[in-house]
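Notebook open, coffee ready. I want to look up a few things in this structure and write each one down as I go.

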Amino acid sequence: MASRGAKVSIVLVVLAVILVGVLFVADRIAASTARDRITDETRKQLAANSVTYEGDPSVKIAGFPFLTQVLAGEYEKISIALSKPQIDNVKLETLNVDAKAVKADARDLMNGRGEVVAGEVTGQATMTWDNVRKLLEFTNLPQGVDPSAIDVKVVNNKIVMRIPFMYQGFKVTIIANGSMVVESGKVRLKLDSVTTDQGNLPKLVNDFIQANKSRLQVTVKLPGLPYNLVINSAETTDSGLRVTASAKDVPLSEQ
C-alpha cells in the first residue's frame, strides 16, 4: 500500500510540473501576442504622426504572470523605446515611453482589435547638443547681433552663450549664463547672469547692454511629442538635453 501511495504521489507531482509548464508556456505565448499587438499599434500611431526611427520599436510588458493581467483587463506597465526618432525633421537620440494602468479587453487584445488605453503615460526624450543648437530660437536680440554667430556651450551643467556684436564702433562679446526651465510645456533658457568679455566699457555701451540683457529670450523649439506628451521638466547633460513629459488617458491603439 505504501508503495502504491508513493507512486500516486509521484504521478501527482509529475502532473503538477506538467501543468505548471503548460501554464508558463501559455502565459509567455499570451504575453508575446500582446507585445506584437502593441508593437503593431505603435508603428501605426507613429506613422500617422510622421515619426520615423531606426529599427523596430522595442516593446516590453511588465508583470508576471501575464495571464492574470489579461483576465483583469488591466496591465501593470508597457514600455516602448525608440532609437534615433525624428519628428518634424527634428532628430532625437532616444524616446522612451512608459504606459501604466493600461486597460484593454482580453479578447480584443489577443485578436488585434478594440481600444488599448493607458491611464498614465510618462516619456523621456534625449537629444545631442548639435541638434539642440539648431532649435534655439532667439528673440529680442540687441540690434547688430547675428544669431548664427552665437556660440553655445555647456560648462558645469550650465548653458554658456557668447554673443558677439558691434555697437557704436565697439566690438563686444556678451557672455550669458543660464539653465533650462519648462514653462507651459515649452523649454526655454533662464538667464542667471549677463556679463561681457571686457571689464571696462564706455558708459554708452554698458548702458546699452544693461538695458537689453533683461529682454534677451532663448527658447528651444521642440516638436510635439507622440501620445500627446506634455513636457514637464528639462535638464542638461554633457551630451545634450533630456526632457521628461507626461499625459493621461492616452490611446495606445489606432482610433
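A term I need before anything else: strands here are DSSP runs of E with at least two residues, and they are numbered from the N terminus. Also a reminder to myself that this model is predicted.

**Entry 1: the whole chain**

I started with the secondary structure, and the protein chain comes to five helices and 13 strands. Next I checked burial: of the 255 residues, 37% count as buried. Then I looked at the surface, where the protein chain exposes about 14500 Å². Carbon and sulfur atoms supply 52% of that exposed area.

I also looked up how far along the sequence the contacts reach. I took contacts between residues at least 6 apart in sequence, and 56% of these join residues at least 24 apart.

**Entry 2: two positive phi values**

Background for this one: most residues other than glycine have a negative phi. So I went looking for exceptions and noted two.

Lys 84 has a phi near 50 degrees, which is positive, and it is not a glycine. I found Lys 84 in strand β2, which covers residues 74-87. Is Lys 84 buried, partly exposed or exposed? Its relative accessibility is 37%, so I put it down as partly exposed.

Asp 88 is also a residue other than glycine with a positive phi, near 50 degrees. Asp 88 sits in the loop between β2 and β3, with β3 at 90-91. Its relative accessible area is 56%, so Asp 88 goes down as exposed; the cut-off for that word is over 50%.

**Entry 3: the core**

Which residues have the most contacts inside the largest nonpolar core? I got Val 102, Ile 150, Met 161, Phe 165, Leu 229 and Leu 241, in a core of 60 residues.

I picked Leu 241 for a closer look. Leaving out residues up to four places away in sequence, Leu 241 touches Ala 125, Thr 126 and Met 127, and also Val 132, Met 180 and Val 220. Ala 234, Glu 235 and Thr 236 complete the list for Leu 241.

That sent me to Thr 236, which I found in strand β12. Thr 236 has 7% relative accessibility, so it counts as buried. Setting aside neighbours within four places in sequence, Thr 236 is in contact with Trp 129, Asn 157, Ile 159, Met 180 and Leu 241.

**Entry 4: cavities**

How many cavities of 30 Å³ or more are there? The count is three. The largest cavity holds about 60 Å³ of space. Two elements give two or more residues to its lining, β5 (117-128) and β13 (240-251). The biggest share comes from β5, with three residues.

The residues that line the largest cavity include Leu 92, Ala 125, Thr 126, Met 127 and Leu 241. Leu 241 is therefore a residue I have now met twice, in the core and in this lining. By class, the lining of the largest cavity has nine nonpolar residues, one polar and no charged ones.

**Entry 5: the largest pocket**

The largest pocket has a volume of about 220 Å³. I noted that 14 residues line the pocket, and that those closest to its centre are Gly 185, Lys 186, Val 220, Leu 222 and Ile 231. At least two lining residues come from each of β10 (186-196), β11 (217-220) and β12 (230-236). By class I wrote down eight nonpolar, three polar and three charged residues for the pocket lining.

**Entry 6: far in sequence, checked in space**

Last job: pairs that are far apart along the chain. I began with Ser 253, in the segment after β13. Is Ser 253 buried or exposed? Its relative accessibility is 0%, so Ser 253 is buried. Ser 253 and Gln 45 are 208 residues apart in sequence, but their C-alpha atoms are 7.3 Å apart in space.

Then I took Asp 249, which is in strand β13. Asp 249 has 60% relative accessibility, so it counts as exposed. From Asp 249 to Val 121 I get 128 residues in sequence and 7.9 Å in space, C-alpha to C-alpha. Not counting residues up to four places away, Asp 249 touches Val 117, Ala 118 and Gly 119.

Conventions. Residues are numbered from 1 along each chain as its sequence is written. This is a predicted model: local features need pLDDT of at least 70, side-chain atom pairs count only at pLDDT 80 or more; totals for chains, interfaces and linings use all residues. Side-chain values use heavy atoms; hydrogens and water are left out. Helices (H or I, at least four residues) and strands (E, at least two) are DSSP runs, numbered from the N terminus. Buried means under 20% relative accessible area, exposed over 50%, partly exposed in between (1.4 Å probe, protein chains only). On a 1 Å grid over the protein atoms alone, a cavity is a set of points where a 1.4 Å probe fits but cannot get out, and a pocket is an open set with protein on both sides within 12 Å along at least five of seven lines; lining residues have an atom within 4 Å of a point. Grid points are joined across faces, edges and corners, and a volume is the space filled by probe spheres set on the points. Ala, Val, Leu, Ile, Met, Phe, Trp, Tyr, Cys and Pro count as nonpolar, Asp, Glu, Lys and Arg as charged, and the others, Gly among them, as polar. Contact means heavy atoms within 4.5 Å. Accessible areas come from the Shrake-Rupley method with a 1.4 Å probe; for residues, only the protein chains shown count as cover. A nonpolar core is a set of buried Ala, Val, Leu, Ile, Met, Phe, Trp, Tyr and Cys residues joined through side-chain atoms within 4.5 Å.
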